[in-house]
Structures are given as structure tokens and as C-alpha cells.
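The paragraphs below are meant to be read with the model open alongside them. They begin with one chain, and then turn to the other.

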Amino acid sequence: MRYPEGEYRIVITIWVLFVLSCAWLTGRANYTADLSAFLPSAPTQEQRLLVDLLRDGMVSRLILVGIEGADSETRAFLSKGIAGELRNNPAFSYINNGEVSSQQKDREFIFNNRYLLSPKVDSQLFSVAGLHSSVSKSLEGLSSSAGLFLKTLLPRDPTGEMNVLLAGFNSQHIPPTLHGAWASRDSQRALLLFWTRVPVSDIDGQQQAITTIQQAFENVLSKGKADGIIKGNRPRLLITGPGVFSVKARDTIRNEATRLSIISSVMIVALLLVIYRSLTVLMLGLLPVLSGALAGIAAVSLGFGMVHGITLGFGTTLIGESVDYSIYRFLQSGRGENWVEKFWPTVRLGVFTSVSGFASLAFSGFPGLAQLGLYSIVGLLTAATVTRFVLPAKGSFEFAIRDLSPVGRRLQRLYQPAHYLIWPLALLLLLSCALIYRHADTLWNRDISALSPVSPGDQVLDAGLRADIGAPDVRYLAVVKAMDAESALVAAEKLGARLHTLVDKGVLAGFETPARFLPSRATQMIRLESLPTRDILEERLQQALKQLPVQAERFSPFVSDIEAVRNRGPLQRSDLDGTSFGLSLDGLLVRQGAEWLALLPLMAPSEGPFANSIDATRIRAELADDHDLSGALIVDIKKEADQLYGSYLREAIFLSALGLLIIVIVLLAALRSLTRVARVLAPLLLAVIVVIGGFIMAGHQLTMLHLIGLLLIVAVGSNYSLFFDKQSMQGDQAMLSRTLASLLFANMTTVTGFGLLAFSKVPVLQSIGITVGPGAILALVFSAILAQHRPA
Amino acid sequence: MVRRTLSLCLLLLIGLQGAVSARTAVAGNWGLDSLMQELLKNNHGRAIFREKKYIQLLDKPVESSGELVFVPPDHLEKNTLLPRSELLILDHGTLTIQSAEQKHTLQLSDYPEVSAFIDSIRGTLAGDRKALEKVYRLFLGGSARHWTLILLPIAREMSLTINRIKIEGVNGQVRSVEILQADGDRSVMTIEPPVSK
């Protein structure tokens, strides 16, 4: 079908306008390399909380630093030097390296606010009887092994609040100290902890924080060398943490998006030049590709508000696939033949099956994968439409294409005896099936870290430093919600009181609560009101100490402290700034949308009838009778994470099955014959099975990303098998040689596109590339073999 | 703070170590080396201790008493019975402090500074004068029959809290350990063999 001159001009105008507007959208789009797009959007409340904590929680702002090499004195010197240099740097909200000065603010905070923080404080404590009993207890304490230490606190803290508070505040594990700074247990590393002020999603800010630490290291190192303190081996700086990962991942993604696009473009252009031997044809052939790529990016930008770097990297596959359409168009047209009439229906069907496959990506719960899906769908549809309507038909335009009939004829000769290969193919299939059957249990990688965008080497370093620091893994959380921070703290206190009874029963070993660091205002007011005025306190002390071997005058610092607290009033959040408790509080009192959450990590007992596990139902039952607490969530983080991954694997399986079903329906609708559909699908399913067999042979476990790749083998490969199906229906030998040549070249470009991804360092791209690259080749070869073996 | 407390606990332990040891005296060429050997020879068993802490803040000293147990080579208990029960156990480098309210367990290797004290105890027991001299300067006075060993901390951080430790003994037996703190307060622990023995 050829357009009348005027109509074609309109088509061209529409196309130019379309491409221009896409280019404009592409130019205006926001590009990001934030990995959180590849964190799933979570279906349940517990999982949403988990994902939010991963994304923005306090843990995500932690940078762990290790110093290796040289000797332990040098490492401690560097640790102190770096911490000293950066302690007042606004990039960090807190730094800890075990130095006394790191903890000084913490201690001052506890000590200065002991009468607001201590749960022991009530009016009973400050009665004559209360004072007598608490002071006698403190005096008794002097006889203990810690007595010589306790005596220094006695004049200011005769009731022993500090002792009570320290036990609670220092419940976390602390690494050993060597030469005045934290060191790993084997003494081979100095350890430091940094909390960045910016969240992990601010990758530029994270990058800056990392550079600042590296610079401080270099400064201290060169200073130490100049002063002759550091000699010999050069120490190494190790940095890890969520922020470090996101910076690294962004760099990788940025590099790869550009690198992959350039390499694949160069390779495909070179290939096309060899095939066409004509610049004009090459340019024409690239038009659909460029239009498709621009339209894809524009669609993603419109649909998601931002374009992810990984989507751009994935673009190479689009280049490889969409260039096929022009290859078909240019190579399949014989003299005087109408390509649109003869071949377009097959190409169109191929486009629809491909799109059906990518559609399963578009509905994925991972926003990042959904982007890849939308990008590919729009890109392919645009490229095909441009090929069909915009590219000039042969003859309407003067251009020459290299005569490829010799290649086609050679291929045809090669192809004749292909049916002998049916036996090796059957053997391969049998072998793969046997492998799959034997390894069915270990086929899937069920570990959520399989999806982690962090390289295994970095994961090992991270785990190592974390183990050194001894950061305990929080597995269970109790969570209460409220409309504001104060109500959340009140709820946390209420929940804490209930949890205490569970601790007494031995169900829990203990728990942490934000109210430890900042009691609710209501609680603080009650404590403040229980503090007596100076005169009353002095008088009561006189009476209380009558029988004790200490003079009331000795406790005048205590009297002044109480008065100071009374005058200062309740604690504010800002009073915790600069202490590690500020961070603990921010980690446990979290804003989520319009609500505030109080998180109370629960510790399972290590012995007894409830050892090592926490029975969420039992805890829920304990809370059920209290209306305010019945909404509390008990979250088992490990279980939720596993379930989260499980649900995504299930989703991927469902979407892939759905994608396959849609492909079958599309094929049935177009071919109207079950046998033909079976013929088209058989080589593709064979390719899928053999690829899985290959993975097992290589000892490679499959994730949901591979599963998606397997579906794409069917989606992409259907183009080839459809042509063979059409060929067998029409049986035109002249056409066969042209079809074979076009399929070979189309396959080469596709394999180039996907194959390059297999070398990517980004797991999402790598998994899909390593699956679809070999799969596409197998799909073509198997289609050829099976088509030849067909009874005439 | 915790660390300092611990150091002090361990300092007390050092005293005990010698306390439960030795029975016989050697005559002749007596000196630090022969005292060490003496302490090493028979250093296991039980003893009773009485401790007085002289604290300027208080009108009278704080008293406590209890039992000491040593099983060579590395198990030591200080069982305070009065006025408040507290059990300190050092075993294979693990220190457990147990009182009515709480129980703390610490690995000495986690506290390198603290383990310096323990190493000196082990050094004493093994007759390893070198280990002891890593942490303290040693001064020995008196005779084999009635001797006084003075330990002066070498490290500055330690000398900020501890002025000196004075150990007195009769023959191979430690009779008292006095710890003088930098602020002038002091504790004196006297050690006697159990009544039953």
C-alpha cells in the first residue's frame, strides 16, 4: 500500500511533531539513580514500615568506617584524629569512635536530666522515708566492688538515679577499646561510626560526607607523617554503609547507562553498515530506533515523574530489538513486492507478542521494573509504527541496499539439513529437563539479598564491620501509632509498662523504647511536680539522715541540682542534639506521613521456655484488652522480609504466567489455529527450558529477575518463530532466503542489545541480559530446526 | 565510668590473689624473685576477708566482709556477704559481677586496659615478675617473715585514680591489701585463713 503524496506528508508532519515533543519531554525529564526504585512498594502495613525504615530510617544514615594496616597505635591515632577533625562538621549529626569525648555529651545528658529521665522519680522518693531508704541503699552500695566509683557521685546523686539510668542506657553492646579508641575484637582494625545529617536518598549529600571522611583521613595521615608519629606501612580506610552503597550504585548505573548505550549503538551501527553498505539506509533504519527511544523516555517521565538510570541502561535492548523492524522492512522486500501487505502482519503480531511480554514488567510492584516495562512497550510500539508508516517504501525513494541474496542462499543451504539436528535438540531438552527435575529444590534463590544491588565483595566488608561494631540485629519490633510525637511517646510509655510485665514473666528479655531518651511531656510534668522546693528538701534531708553516718550538708550539690531541674522545666527534643541518644530517638520515634510511630525493639530471651523467639500472638493477646494498644503492631522483621521477597517471587510468577497467557491469546486470535500456536511456541519454550538447564549447569541460582528474562525470551523470540510459521504456510523459496538473512541479522542486533547487559554490574540488568541473550539465539536456532522438521 | 569501675574491681582482685596463697617461708637469699616463687607455690584455697573503705564524705568507714576462693590457675571468687551480697567471679578471662539486682558478664579481652591488671595477677601467680613490672613499679621492703610490696602504676591514666597499692604479707601469705586513691580515700582489705582450717 502506498500513500498518496499529500497523505504521506501529513504522516511525516505528525511524526516530526511527535518526535519533537518527545525530545522536549526527554530534555525536561528528571533523571535519578536512586536505588529505592528497586525496593519494592510493600503491600502490608508491616512491610511498608520495613521498607520505609530501609529507605529513610536512622540505620540508613549510618556510615561505618574501619582503619586497617599499620600498627594499633597508628590506627587509634588516626581514629582520634579523624573524629576530632569532623566532630563539629555539620555533615554529621553524631560521631562515635569509643573516645571518652564521644560519650561525654551522653553522660552529661543523662546526669543533668536524671530526675526527668529516671522512672524511679515520684513524690514517694523525696519523702523523708523515701530519702532515708534510698540514701542508705547508696551508702550500702559503697561497700560493693564499685564503691570507690560510686562515692564520687554520692554528693550530687545520693538517691542513685545515675546507676539506674546507666544500666538502661548502656544496654547495647560496645566494641573494645584499644589505645583510647574502638577496635575490632581481633585488634586488627580501628572502628568509627558516623551518622550523616542528610538521608540516604540524598546521594549527593552522602557522596560529600564520604569524601569528607576520606579527606580527614588523608589530612590526619599526612599530619601524622610530618610529625613523625606515623611511619612504615600505609594504613587503609574502609568505608561502608547504606549511603556508601547508594553512592557506589549510582556511579555504576551512571557509567553503565552511558557505556552500554554507546557500545551497543556502535556495535549495531557497525553491523548495519556491514549489512546495508549504505549510509542513507542506515540513517533511515535508525529513525524508528531513535523515535522509539525518545518516546519511551518521554512516556516514563510522564508516567513516573522521573527516569531511572537503569531504564536508560536497559535502552540498549530496545535499540537492539527495534532496529529489527527496519531490517525486516529493508531486507524482506523483494523486487516489486509490497512489504506492508506481505510481511507487516507478521511483524505486527511479533510486536504484539513482545509488548505482551513487557507488559508483565509494567505491572511489577518494583517501580524500577515497571519503568523498564513501560519504556519497552512504548519504545517498541513507536519503532514499529514508524517503520510501518514513516519509512519510505522501496521505489518511492532512490536508495540502494547491498544485495544480500548470496548470504540468504548460503543460509538456505545451511538450513536444508537442519532437521538432522532434531535429535541433538531432543537430547538437549531431555538433559535440561533431567537437570531441572533433579535441582528443582535449589533452582530458586530464596534469599532476599539475591536482589541486593550491592556487590558480594561490598556485602562481605559491610557484614565484617558490622560484626566488629557488634550492632545487634533487631528482629522484632512493637510499633504504636499516634497523630503527633507526644501522643506516640505516651503510647510508647503505656506499651512499655505492658512489656515490663512480659519481661517479668520471661516472655521477653527486654525492650528498647523512645520514651527512655525523651519521656512524654505528661510524664515529665508528673516527675517535675514530685520534686520538692529547696527548703522542703533540706528539711527532709536533715530528718532522713539522722540515723546515717553522713551529714546533710554533704548533699548540698544534690539540693542545688534538684532546684536547677525544677527551674529548667521539661526536656525538649533539641536537648538531645549532639548525643547518641538523639539518634536513638530519631530511630525509634519516626514520622510516617501524617502519623508518628514509636518503635520498640524487642529482645528475645536467650534461655528458658521462651528462648530465642518471640511469640507475636502472645504479645498481641497481652495488649488486646487495652483499647489504646490494641492497634499496636508486632513485627518480625526477618519474617516480613522473607515474605516480602516471597510475595514478589509469587508476583513475578503470576505476571509471567499472565504474560504467557496473553501471548497465547494474541497468537490464537491472529493465527486462528491451535497447531500453529503450538508450533510458534514450541521452539520458544524449548529455549526457555534449555536456558534454565544452562543456569543449573553453571551453578547459577534463579531470582525473579531471571524469571522475567525467561518470559522475555518468549516475547522476543516469537518474532523469529512467527516468520518460520509464515514461511511454512506460504512455502515461497525466494522469500525464504530473504527471511533467513533478515532473521539472522535481526537476531544479531537483539543478542547484541541483551548480551551486553549480561556484562553489566547492575544485578537487574545483568540477570535479564544473561537470560535473554543466549535465549534469543536458542529461540532462533530452535525455530529453524523445528520448522524444517515439520511434516509438509 | 563503667571501665573505671571495672578497673577498680580488678585492682581489688589483685590483692586477693596473693591473699589466698602461700604458707611457708624460705630463709636465706630473700628478694622479689623468691617472694614470687613463694606466692606461686601454694596459692589455692579459701580465705576470709574484711574490707574497710575510708571515704572522706562519710563520718565512719564503710565495712564489708566475705569469702575469697582461688582455684589455680585462673578461677577466682570474691564473695561479699555483708552488708550486701555480691559475687565477683573471674574465670578464664571472663568476669562476672552478680548482685541481687543485676548480673554483668564481661570478657576481659574486650577491655585491654583492664586486662593489664589481670595479666599482672597471672604474672604474679606464674612468678613472672616481668608481667607485673609492665604495669607497676615494684618496691619490696621488710623481710621474708614480714614483707611489704608496693605497686606504683606506670600508666598515667591509671595513676589518675590509683596512687599506690600496698600489699603486706607474712611469709608466703598476703595479710592485707591497701589501695590508696589519688583523692586521698583508701580501702584496706585484711585477709585471714578460714576459721575451720
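A residue is called buried here when its relative accessible area is under 20%, exposed when it is over 50%, and partly exposed in between. The model to which these terms are applied is a predicted one.

With that cut-off in hand, consider B:S65, a residue of strand β2 of chain B, which covers residues 62–71. Its relative accessible area is 16%, and because this falls under 20%, B:S65 counts as buried. Once the neighbours within four places in sequence are set aside, B:S65 is in contact with B:F49, B:R50, B:N79, B:T80, B:L81 and B:L82. The strand as a whole is mostly covered, since 7 of the 10 residues of β2(B) are buried.

Which strands pair with β2(B)? Strand β1 of chain B, residues 45–54, runs antiparallel to β2(B) and is joined to it by 9 bridges, while β3(B) pairs with β2(B), also in the antiparallel sense, over 7 bridges. The register can be followed at B:V69 of β2(B), which stands opposite B:R46 and also opposite B:E77 in β3(B). As a general point, the side chains of a regular strand alternate between the two faces of the sheet.

Following chain B onward from β3, which spans residues 75–82, one reaches the loop that leads to β4 (86–91), and B:P83 lies in this loop. The peptide bond from B:L82 to B:P83 is cis, with an omega near -5°. B:L82, on the other side of that bond, is also one of the residues in contact with B:S65.

Taken as a whole, chain B has a secondary structure of 5 helices and 11 strands, and buried residues make up 50% of its 197 residues. Among those contacts in chain B that link residues at least 6 apart in sequence, 43% join residues at least 24 apart. The accessible surface of the chain comes to about 9400 Å², and 52% of that surface belongs to carbon and sulfur atoms.

In chain A, several residues other than glycine deserve attention for their backbone angles. A:S187, placed in the loop between β5 (181–182) and β6 (190–196), has a phi near 65°, a positive value in a residue that is not glycine. Is A:S187 buried, partly exposed or exposed? Its relative accessible area is 30%, which lies between the limits of 20% and 50%, and therefore A:S187 is partly exposed. A:R277 likewise has a positive phi, of about 50°, although it is not a glycine, and it is found in the loop between α10 (242–276) and α11 (279–304) of chain A. At 61% relative accessibility A:R277 counts as exposed, because the value is over 50%.

A further positive phi, of about 55°, is taken by A:R672 just after α26(A). That helix covers residues 637–671 of chain A, and because its 35 residues should span 51 Å at 1.5 Å a residue, the 50 Å between its end C-alpha atoms agrees with expectation.

The last stop is A:V479, which is found in strand β9 of chain A, residues 476–482. At 2% relative accessibility, A:V479 counts as buried, because the value is under 20%. A:V479 and A:A491 are 12 residues apart in sequence, and their C-alpha atoms are 9.6 Å apart in space.

Technical notes
Residues are numbered from 1 along each chain as its sequence is written. Chains are lettered from A and ligands numbered from 1 in the order in which they are written. This is a predicted model: local features need pLDDT of at least 70, side-chain atom pairs count only at pLDDT 80 or more; totals for chains, interfaces and linings use all residues. Side-chain values use heavy atoms; hydrogens and water are left out. Helices (H or I, at least four residues) and strands (E, at least two) are DSSP runs, numbered from the N terminus. Buried means under 20% relative accessible area, exposed over 50%, partly exposed in between (1.4 Å probe, protein chains only). Contact means heavy atoms within 4.5 Å. The expected span of a helix is 1.5 Å times one less than its number of residues. Two strands pair if DSSP finds at least two bridges between them. Accessible areas come from the Shrake-Rupley method with a 1.4 Å probe; for residues, only the protein chains shown count as cover.
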